[in-house]
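Student: I am new to this structure and would like to look closely at one helix and the residues packed around it. Could you walk me through it slowly, and then show me a few side chains elsewhere?

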Amino acid sequence: MRDTSLWSQLVFQFESRWQDLLSATVTHVELVLISMLLAICIGIPLGILVTRVPSLSTVILGGAGMMQTIPSLAMLGFMIPIFGIGIKTAIAALFLYSLLPIIRNTSTGIKDVDKSTTEAARGMGLTSWQILFKVELPLALSVIMAGIRTAAVINVGTATLAAFIGSGGLGDFIFLGITRGIDALVLLGAIPAAILAIILELLLGVLERKTTPRGLKIKEDS
């Protein structure tokens, strides 16, 4: 009976709040996509820099790792004096949380490229930039995409905490439900967030397979 009652409450909440839920979902997606785009644009170049200037590895990877150790709410608190309360603070915090997997996987993917392959490319007269963009990055792309997938899934979950600082998103329903003691409201925010994470993971997985060089696919399958 309890499950039936909870399901009925969930249906009722959905029917009465579906417009707010749609708006919150759109806001949640915006938070994730904007912060992820920033993290990709900054994280991949930093990962490349680590492979070119190894002495910066400790500073860059250590700094990104330190960001990951800061609790989510504390990170949001640190951002408020800089960006104020609102969506900018949430995007900044999510951006910082997304950096480590992308930087680490980019540097790892490039370092794992067979040295004989890059030497052969250099012997053919390719410049360092050409080797990077035509050889190393394409071969490292599957590893880089794995880092982006990890960051994206973490990002979707962490974005629910943005409700604490008035940034909106699906976290609004979760925390409203906790405050009022309404389980159905909590589920109304938690279920779409989980579905969004799964969809994002699947889409990025498809993108990873599409962008993986054919030779690597054959090697992995064998």
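**A close look at helix H3**

Tutor: Happily! Phe 78 and Pro 81 are exposed, and they sit on the other side of H3 from the buried residues we will meet in a moment. Please keep in mind that this is a predicted model.

Now turn the helix around. Met 75, Leu 76 and Met 79 of H3 are buried. Looking down the helix axis, the buried residues of H3 fall within an arc of 95°, so they line one face of the helix. That face has partners: the buried residues of H3 pack against helix H2 (57–69) and helix H4 (87–111).

What about the length of the helix? H3 covers residues 72–83, which makes 12 residues, and at 1.5 Å a residue these should span 16 Å. The C-alpha atoms at its ends are 16 Å apart, so the helix agrees with that expectation. Just after H3 comes Gly 84, which takes a positive phi of about 80°.

A little further along the chain is Gly 86, and this residue leads us to Ser 167. The side chain of Ser 167 reaches the backbone oxygen of Gly 86 at 2.6 Å. Ser 167 lies in the loop between H6 and H7, yet its relative accessibility is 6%, below the 20% cut-off, so Ser 167 counts as buried. Leaving aside residues up to four places away in sequence, Ser 167 touches several others, including Thr 27, Leu 31, Ile 87 and Ala 90.

For the side chains elsewhere, let us pick the aromatic rings. The structure holds 2 aromatic pairs. One of them joins Trp 129 and Phe 133 in a stacked arrangement, 6.0 Å centre to centre with 15° between the planes. Both residues lie in helix H6 (residues 128–158), 4 residues apart, or about one turn of the helix. Trp 129 is exposed, with a relative accessible area of 61%, and Phe 133 is exposed too, at 51%.

The rings of Phe 164 and Phe 175 have their centres 4.2 Å apart and their planes at 40°, so this pair is tilted. Phe 164 lies in the loop between H6 and helix H7 (171–180), while Phe 175 is in helix H7, so the pair ties together parts that are 11 residues apart in sequence. Phe 164 itself is partly exposed, with a relative accessible area of 48%.

Note on methods. Residues are numbered from 1 along each chain as its sequence is written. This is a predicted model: local features need pLDDT of at least 70, side-chain atom pairs count only at pLDDT 80 or more; totals for chains, interfaces and linings use all residues. Side-chain values use heavy atoms; hydrogens and water are left out. Helices (H or I, at least four residues) and strands (E, at least two) are DSSP runs, numbered from the N terminus. The expected span of a helix is 1.5 Å times one less than its number of residues. Buried means under 20% relative accessible area, exposed over 50%, partly exposed in between (1.4 Å probe, protein chains only). The arc is that of the directions from the helix axis to the C-beta atoms. Contact means heavy atoms within 4.5 Å. Rings of Phe, Tyr and Trp (its six-membered ring) pair if their centres lie within 6.5 Å; planes under 30 degrees apart count as stacked, over 60 as edge-to-face and the rest as tilted. A polar contact is a pair of N or O atoms within 3.5 Å; within protein, one must be able to donate a hydrogen and the other to accept it, and residues adjacent in sequence count only if both atoms are side-chain atoms.
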